[in-house]
Amino acid sequence: MRKIAKSVIAFACSLFLAIPLAGCSKTAEGVTEIEIVQYKPEAAAYFEKVEKAFNEQHKDIHLTIYSPNDAATVLKTRFIREDYPDIIGIGGDINYSYYVDAGILADISDYQGVKEINPAYLAIDEALKIVPVEGVYALPYAANAAGILYNKDLFDQYGWEIPTNWEELMSLCEEIQSDGVLPFYFGFKDIWTCLAPWNAMAVSLSDTDTAKQVNRGETTFSKAYRELAEKYIQILDYGPKNPFAYNYNDACTAFARQEAAMFTIGSYAIPQILSVNPDLNLDSFVLPASESSEGNVLNSGIDLQFYVTAECKNREAAYEVLDFLYQDENIQDYINEQTAIPCKSGEFEISPKLNSMKPYIEEGRMADFHDHYYPSEMAADALLQTYLIKKDTDQFLSNWDKIWPRYNRDIIRAMEKYEEEN
């Protein structure tokens, strides 16, 4: 599997070899250089503060944090050149699976900070592994949540109630529409936004490991995703007439200007929305896709986590950097700036705009984004956009089943081999 994963990464990287490498800064003799490459440029200012604070407090370790615009491409390029940073900061998705199987990441089971992470997020990482591998290879930092953002003032003005199941959500949409307000705004011109409602509903309507079940031949997407696909089409009826004419920025701006009562998007959109209208009184709730109120699950995934690479020359220094990153005050600063959810257990204050999701987090009633199991080459977001335009459920599901093995051939073979040997 390691050879397969390395070949996949090598193929992807061969397209980007012309990208220049940042390189490590030189430090005084006897000082250990630790380099982090993290993939959230929107958090660059936060990490600049962290880097400065760490270096002011440590004389034997010098920390450099890079926040490039396309960290995934930069990392792939560096991997193929065997120029590894000491620590990587990316989200918990299929790339993490590839990195584990390629032997790029170090087992950090001996790091004491692992014990302080919310077990639910450690379980998400464990489930993402293509085949079971002993050890801990990631340290979750911050999570996001996807559901429905809503205009609290409009809800109070018209007396609308927060829905707790699918029937109530559909009734609410009818009520909002009859009051002359647009229920939802979408930004489906940017195809990635098509995944937001899909993921938020999928966790309540399908098993988190649906992709793995399909890979094992236990089910098909036509069976597992039918209710999900049909309900997605229903939501479209309560949005703008042409949801594909507006991109993500358009949708954020329109919602900020109170042109719709609700927006099916993740918590990551809140800072941008408030940058347009800081006085907007918004809140959020779990997208109630289930027919029963008890069947709803919060869609929460790991937005940022850190990995020590296997090539890191000084694990002790890397762990000291992690200790600093995971100090409570630093995590609190990050979640304040990014409207995020801490993956570390403890008494953190999350944004009041996520209060309705807090019970789900505390109870562990949450599940990972389904698209974290989809290979990027498959372009699932484009498939969804096409489906939303054509609205042919049978064709959409049949096509998904047909093309899935093409993009998951190596993963399926690896799983089959593992099960034969175990």
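**Helix packing, cores and loop residues in the predicted model**

Tyr46, Phe47 and Lys49 of helix α2 are in contact with Asn330, Ile331, Asp333, Tyr334 and Glu337 of helix α15. By class, the residues forming this contact of α2 with α15 comprise four nonpolar, one polar and three charged. The structure is a predicted model. Helix α2 spans residues 44-57, and its axis comes within 10 Å of that of α15, the two crossing at roughly 165 degrees. An angle over 145 degrees counts as roughly antiparallel, and α2 is therefore roughly antiparallel to α15. The crossing of these two helices is right-handed.

Thr339 is located in the loop between α15 (328-338) and β10. This residue, although not a glycine, has a positive phi, near 50 degrees. Thr339 counts as buried because its relative accessibility is 8%, under the 20% limit.

A second helix pair is formed by α11 (residues 226-236) and α18 (residues 393-421), which pack at an angle of about 135 degrees with their axes 10 Å apart. Helix α11 is therefore oblique to α18. The crossing in which α11 passes α18 is right-handed. Arg226, Ala229 and Glu230 of α11 make the contact with Thr393, Asp394, Phe396 and Leu397 of α18. Three nonpolar, one polar and three charged residues take part in this contact of α11 with α18.

The loop between α17 (380-390) and α18 contains Asp392. With a relative accessible area of 35%, Asp392 is partly exposed, since this value falls between the limits of 20% and 50%. Asp392 and Ile233 lie 159 residues apart along the chain, while their C-alpha atoms are separated by 9.6 Å.

In soluble globular proteins, nonpolar side chains tend to be buried together. In the present model, the largest nonpolar core has 107 residues, and those with the most contacts inside it are Trp198, Met262, Ile273 and Trp400. A second, separate core of 36 residues includes Leu63, Ile65, Ala106 and Phe306. Within the largest core, Ile273 is one of the residues with the most contacts. When residues up to four places away in sequence are not counted, Ile273 touches Leu149, Cys252, Phe255, Ala256, Phe263, Leu280 and Leu282.

Gln258 is placed in the loop between α12 (248-256) and β7 (262-263). Its phi is positive, about 65 degrees, although Gln258 is not a glycine. Gln258 is partly exposed, with a relative accessible area of 41%. Thr339, the other residue described here with a positive phi, is by contrast buried.

Met357 occupies a place in the loop between β10 (341-342) and α16 (358-363). At 2% relative accessibility, Met357 counts as buried. Met357 and Ser284 are 73 residues apart in sequence, and their C-alpha atoms are 7.5 Å apart in space. With neighbours within four places in sequence left aside, Met357 is in contact with Ala145, Ala146, Gly147, Ser284, Phe285, Val286 and Leu298. Ser284 is thus among the residues that Met357 contacts.

How values were computed: Residues numbered from 1 in each chain as written. Predicted model: local features only at pLDDT ≥ 70, side-chain atom pairs only at ≥ 80, totals over all residues. Heavy atoms only, no water. Core = buried A, V, L, I, M, F, W, Y, C linked by side-chain atoms within 4.5 Å. Buried < 20%, exposed > 50% of the residue type's maximum accessible area, 1.4 Å probe, protein only. Contact = heavy atoms within 4.5 Å. Axes fitted to C-alpha atoms, helices over the stretch in contact; angles between N-to-C directions. Helix = DSSP H or I, 4+ residues; strand = E, 2+ residues; numbered from the N terminus. Parallel < 35°, antiparallel > 145°, perpendicular 65-115°, else oblique. Left-handed = near helix turned anticlockwise from the far one by under 90°. Nonpolar A, V, L, I, M, F, W, Y, C, P; charged D, E, K, R; others polar.
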